[in-house]
Amino acid sequence: MIQSDENGLFAIQQVADMTGLSKQVIRKWEERYGIIQPKRLENGYRIYSQQDVKTLLKIKLLSEQGHSLKQAAHLVKVFAEDPKVPIQEGKSPDYEQWNEYVFQLLEKGKHCDEIELNFILKQAYHHVGLERFLTDIVVPFLKEVGRKWETQEWDEYQESVSSLVVRDFLVQIRRNYQYRENAPFVLGACLPYEHHEVPLHLILLRFMMKGWKTQLIGASPAPGAIESLVGKLKPDVVLLSATTTIPFETDPKLLRRLDQFAEKQMDIAFYLGGQGAVSNLSGYKPRAITVTNSIEDILK
């Protein structure tokens with residue numbers, strides 16, 4: 001297999017793994033629409049650039065949004081000539097911002113290759129530094145993994161392996177990071193019945209970069225565990241996370257109880273974030289817990 005070089009060149013099987021398109025479809029689109037023109041090696045094998053992969057992804061996305069392949073190819077050509085022309089609708093992936101590490105992670109994630117996923121994450125982290133690693137690599141990769149799972153392009157096992165490898169890598173970073181003894185302390189916790197903890201890892205790493213000591217309660221803590229640990233650890237800030245609405249549906253009084261507990265903690269600031277929490281605001285309105293999806297609001 002051809003490994004990508006510093007210019008991001010990929011073999012057709014790698015491109016198929018990254019895009020979810022078959023090799024036959026990739027060749028067909030190339031020949032029929034001329035939208036990509038891969039180079040050829042001396043043996044005749046095609047090699048594709050990062051831009052070729054991005055182009056294929058854009059055409060695929062537009063076709064999924066209802067455009068014919070001919071229309072999609074035309075829109076992508078127009079965008080190439082004038083990048084100010086929008087071609088993607090809604091909250092579609094910004095493929096132009098993707099880098100080689102994202103493509104490599106998608107290739108290995110498709111095959112559930114934990115060793116290679118870890119190796120690429122280590123390379124990326126040491127190459128670009130923590131802040132860019134999170135914003136330019138981890139977040140785009142996880143969003144695409146979630147999108148592939150929602151559209152059933154990837155199965156549950158592919159999604160789970162990719163997410164868990166990233167989670168474990170983020171845990172290693174936090175555990176090995178140095179902080180001052182007098183650093184402010186933030187405690188992160190998923191709500192009971194909430195299993196999506198990766199967003200909290202990302203937020204806690206942002207706090208860590210600002211000089212905070214961080215600690216995370218694992219996914220779906222037992223009812224009462226958050227209150228117990230807050231009482232023992234006495235953090236300066238508590239971050240609660242609900243990516244889904246499952247915690248509120250399972251225990252309708254959960255938020256009220258936590259809010260009543262937070263009211264009694266005079267020196268501790270409580271925040272609740274996540275799409276599940278924001279969409280649940282039509283119910284109980286907390287008084288001591290601030291509901292926000294903006295980490296900047298918390299770090300002010």
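Reader: In which element is Asp-52 found?

Author: Asp-52 is found in helix 3, residues 50–64, where helices (H or I, at least four residues) and strands (E, at least two) are DSSP runs numbered from the N terminus. This is a predicted model, in which local features need pLDDT of at least 70 and side-chain atom pairs count only at pLDDT 80 or more, while totals for chains, interfaces and linings use all residues. Residues are numbered from 1 along each chain as its sequence is written, and side-chain values use heavy atoms, with hydrogens and water left out.

Reader: Is Asp-52 buried or exposed, and which side chain of opposite charge is nearest?

Author: Buried means under 20% relative accessible area, exposed over 50%, and partly exposed in between, with a 1.4 Å probe and protein chains only. For charge, Lys and Arg count as positive and Asp and Glu as negative, whereas His and the chain ends are not counted. A salt bridge is a side-chain nitrogen of Lys or Arg within 4 Å of a carboxyl oxygen of Asp or Glu. Asp-52 is buried but has no salt bridge, and the nearest side chain of opposite charge, Lys-39, is 8.5 Å away. Contact means heavy atoms within 4.5 Å, and, leaving out residues up to four places away in sequence, Asp-52 touches Ile-36, Gln-37 and Pro-38.

Reader: Which residue stands opposite Lys-39, and how are the strands there ordered?

Author: Strands of a sheet pair through backbone hydrogen bonds, either parallel or antiparallel, and two strands are taken to pair if DSSP finds at least two bridges between them. Here an open sheet of three strands has the order 1-3-2, with antiparallel pairing; its edge strands, each paired on one side only, are strand 1 (10–11) and strand 2 (39–40). Strand 2 is joined by two bridges to strand 3, residues 46–48, and Lys-39 stands opposite Ile-47.

Reader: Which partners does Arg-46 of strand 3 have in salt bridges?

Author: Arg-46 meets Glu-30 in a salt bridge of 2.9 Å, N to O, a pair that links strand 3 to helix 2 (residues 23–33) across 16 residues. Arg-46 also forms a salt bridge with Glu-31, the closest N and O atoms being 3.6 Å apart. Both Arg-46 and Glu-30 count as buried because each has 14% relative accessibility, whereas Glu-31 is exposed, with a relative accessible area of 59%.

Reader: How many salt bridges are there in the whole structure, and what does the pair of Lys-58 and Glu-96 tie together?

Author: A search of the whole structure finds 14 salt bridges. In one of them the side chains of Lys-58 and Glu-96 meet at 2.3 Å, N to O; Lys-58 lies in helix 3 and Glu-96 in the loop between helix 4 (69–81) and helix 5 (100–110), so the pair ties together parts 38 residues apart in sequence. Lys-58 is buried at 3% relative accessible area, while Glu-96, at 27%, is partly exposed.

Reader: Why is strand 7 described as largely enclosed, and which strands pair with strand 7?

Author: Strand 7 (residues 269–273) is largely enclosed by the rest of the structure because four of its five residues are buried. Five bridges join strand 7 in the parallel sense to strand 6, residues 237–241, and three bridges join strand 7, again in parallel, to strand 8, residues 289–291. Phe-270 of strand 7 stands opposite Val-238 and has Ile-289 as its bridge partner in strand 8.
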